[in-house]
Amino acid sequence: MDKSKRQQNEQTVKTARYHPDYQTGLSHAMVESRFAEGAVNQTVDSDFKTNRQIIIDNTFTYFNLIFLVLAVLLVVVDSFKNLTFLPVVIANTVIGIVQEIHAKKVLNNLSVMNAATVTTIRNGEEKTTPFEELVLDDIVILKTDDQIPADAVVVKGQVQVNESLLTGESDEITKKENDDLLSGSFIVAGKCYARLDKVGNDAYISKLTLKAKAMGHDEQSKMIKSLNKLIKWVGIIIIPVGLILFFQNILLNHESLENSVISMEAALIGMIPEGLYLLTTIALALSATRLARRQVMLHDMKSVETLARVNVLCLDKTGTITENEMAVQKVIPAAGYQEKGQVVPIETLIGDFAAAMPGDNATMKAIKHYFTKTSGRQAQSKVPFSSVQKFSGVSFADQTYVLGAPEMVLRAKFDSYQPEFINYTQKGYRVLVFGEYPKELLKPVLTAEVRPLGYILIANPVRKEARKTFAYFEKQGVALKVISGDNPLTVSHVATEAGIAAADRYIDASRLTPEQYPAAVKNYTIFGRVRPEQKKQFIQLLKKQGSTVAMTGDGVNDILAMKEADCSIAMASGNSAAMQASQVVLLDSDFSKMPEVVFEGRRVVNNIERSAGLFLVKNIFSLLMAVLAMLLTVSYPLQPTQITLISAFTIGLPSFLLALEDNRKRIRGNFIINILSRSIPGGITDLLVVGALVICGIILDLHKADVSTAATMLLIAVGFMVLFKISQPLNKFGVGVIAASFVCTVVAALLFNNLFSLTAISPISILLLIILFFAADSVFRYLTKAVERAREALLQRSGQEHHLGFKEIWQYLKKKKA
């Protein structure tokens, strides 16, 4: 819908607002009217590009423009044979468009299937409605853990709201009738009926999102950022180099216009990494679709790469290590509780408490399911549970009861009562204290002493696949940190059962001061009684200590930490708020899928590094050869069609095939440094042998066709040397890739020799070719070893295993020199 028309329609709706009764809501006719007027909870901005945007972005690129200009110049000089690069460029563009549209379709379908929903009242009936199908003035029912889908007004009930994602403050705010609710915040306790007051782009969260996106797109992965930098510099360099080569051929070498254009274009085509960016885009898209088929949804592509680089994984206990469902095991009467005379059984007291509380969280659902017997008493007031206070309370006419975490309920008396239940905590049970409170509880604050009546034992079974999953991460060198709101002893026991290393190193986060946080996150594995804002601070400290951090969670109390982590993973069995805040969603809530996600990331990054090494060999050679040609005042020795042959079968075909290979190696170092270390030996070898050939050609007065054909053969030979090295350790797949590339090269050279400007060469040229081939083999081996040793030395001595870049290398060299 046109933006101005949409705004006009929304204004029309605002002037004729209708506030429906919360019990009946809007009628179907009113909902349809709102849709027609554009007053729907949809934003114009979308995470997914349209098909038209994809086609435009892939077609109208800077390098495609360069290729178009080069093609026009070749047509002008009637050199149609050298247009062989055009089919490759067109194929790259079409493949990129098709793959991106396909990936978008798969991910879009997955997003629709798993869209966040809320309960609405329409025509007096409750129904589940996706966020994007809500309309202005809809009545929605909001309860604990629900995300507020649009700006709203409370019309009935009372809730506690966490607006931390909007304001940065973790305090819980009580919202009563006529109070405003901001979209993007979360219900942490209570239940209410609310009327949507602002939807779509008018909603608060939409305005914040659009502002954030307008400020810039700094969410690209390290790999994509590195490629963008590389392509940017190539784009800057090729124009002046091309002009210098062209005018040098015309003015100094006295070449014809046709030869000058052909020579210049061969150099420029060799310098353009035309398939590298496409390869990266396709590899990421294929990974996203592969993960989607395994019920793993990505909210952004960069998370695949980020997860592959993670060296610290932070976990919440419930829903990650354990199953999501809780179950009451039994209730243990407190030492001071006596069942005698007219005393009501403790199970009945807890049953009365549970009957008065809404079953809007997993703990209360388990308690309601277990304690079904009640005395029929009616509650006069109640304080719902929240993740900050960690207790709830109900006041009856004759007594007030409190239920919650022992530390938060017993407070100063905790140490006195701890011997009564500590053995259950050590066995892995989650213990809740049920006790009497001497006065009516109206606020979530305990000012008097609570007398415990009993201890409720709750347990979450450890996931069957947990031990195997955590063993994988330990083997891969990924440190695990369990950050939970539960008792640290309980969490430690569960973590030990799940096979997490160093699970005996636990600490109670509620007793830590901010000054102790840095040492704690470094030295401990298990953190219990962690508040939501502490989780966020722990993630920040881990990142400051140089770690790449992933955070898993399934509840509102995890969201602050998930937003702060380098990569966030949510379980679909948790609440919709956590799913919306995460970058990766495990749709079947199966944490054992995490190794597959990490594997996909490693496959993408490692294989693209290998393939990029192939691409840059040609780019480095072409740039250096162009510089040498300018210094020697000679023509560039190759033709565009010969560059196409070299690119197609020693770079293009093998790079795309290698990108599909399984690759579980850990990622080390900086992306650009890694690909340069793979490509520099080949690029310099190419320069030395082709440069020697050109000089010998001048001295021996060899025919120009002999030099260009011999140069092509040399570049193909070195290309296969690089391919062989990059494919190490060699397996059947690698052998197949090399063999297929070799066969294609031979067939193309023999059957289409005229197309690729390959001619029979003189005996002297053949002799030179043989000598330079063996020289190339020796030079390439020596340079490869030298570069590998230098890189390993820098990695080990600089202490920058995960973040080694040009800045770190320069600092290290200055330090070494000093």
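## A bridge between distant parts

Let's start with a pair of charged side chains: Glu596 and Arg294 meet in a salt bridge, with 3.7 Å from N to O. Glu596 belongs to helix 24, whereas Arg294 sits in the loop between helix 10 (276–293) and strand 8 (296–298), so this pair ties together parts that are 302 residues apart in sequence. The model in front of you is predicted.

How buried or exposed are the two partners? Glu596 has a relative accessibility of 28%, so Glu596 counts as partly exposed. Arg294 also has a relative accessible area of 28% and is partly exposed.

## Following the charges along helix 24

Helix 24 holds another pair worth a visit. Glu600 and Arg603 both lie in this helix, three residues apart, which is about one turn. Their side chains form a salt bridge with an N to O distance of 2.9 Å. Both Glu600 and Arg603 are buried; for Arg603 the relative accessible area is 6%, and because the cut-off for buried is under 20%, Arg603 falls in that class.

Arg603 has a further partner in Asp662, and the closest N and O atoms of that salt bridge are 3.2 Å apart. Asp662 is in the loop between helix 25 (640–658) and helix 26 (671–699), while Arg603 is in helix 24, so here the pair ties together parts that are 59 residues apart in sequence. Salt bridges with shared partners join Arg290, Arg294, Glu596, Glu600, Arg603 and Asp662 into one network. In general, side chains of opposite charge can pair when their charged atoms come close. A search of the whole structure finds 24 salt bridges.

## Another stop on helix 24

Helix 24 spans residues 594–632, and Leu623 lies in it. With a relative accessibility of 29%, Leu623 counts as partly exposed, because the buried class requires under 20% and the exposed class over 50%.

Which residues does Leu623 touch, once its neighbours within four places in sequence are set aside? The contacts are Ile237 and Met271. As for Leu687, its C-alpha is 9.4 Å from that of Leu623, and the two residues are 64 apart in sequence.

## A buried threonine in strand 19

Now for a strand: Thr552 is found in strand 19, which covers residues 549–553. Thr552 has a relative accessible area of 0%, so Thr552 is buried.

What surrounds Thr552, apart from neighbours within four places in sequence? Thr552 is in contact with Leu313, Cys314, Leu315, Asp316 and Thr320, and also with Ile569 and Phe591.

## A nonpolar patch on the surface

Turning to the outside, a nonpolar surface patch of about 750 Å² is made by Phe742, Val743, Val746, Val747, Leu750, Leu751, Phe752 and Leu755. One of these residues, Phe742, is found in helix 28, which runs over residues 732–751.

## The chain as a whole

Stepping back, the protein chain has 30 helices and 21 strands. Of its 818 residues, 54% count as buried. The chain exposes about 36400 Å², and carbon and sulfur atoms supply 58% of that area.

How do contacts spread along the sequence? Among contacts between residues at least 6 apart in sequence, 72% join residues at least 24 apart. The salt bridge between Glu596 and Arg294 is one pairing across a long stretch of sequence, with its parts 302 residues apart.

Methods. Residues are numbered from 1 along each chain as its sequence is written. This is a predicted model: local features need pLDDT of at least 70, side-chain atom pairs count only at pLDDT 80 or more; totals for chains, interfaces and linings use all residues. Side-chain values use heavy atoms; hydrogens and water are left out. Helices (H or I, at least four residues) and strands (E, at least two) are DSSP runs, numbered from the N terminus. Buried means under 20% relative accessible area, exposed over 50%, partly exposed in between (1.4 Å probe, protein chains only). Contact means heavy atoms within 4.5 Å. Accessible areas come from the Shrake-Rupley method with a 1.4 Å probe; for residues, only the protein chains shown count as cover. Patches are made of residues with over 30% relative accessible area and no salt bridge: like charges are joined within 9 Å, nonpolar side chains (Val, Leu, Ile, Met, Phe, Trp, Tyr) within 5 Å. A salt bridge is a side-chain nitrogen of Lys or Arg within 4 Å of a carboxyl oxygen of Asp or Glu.
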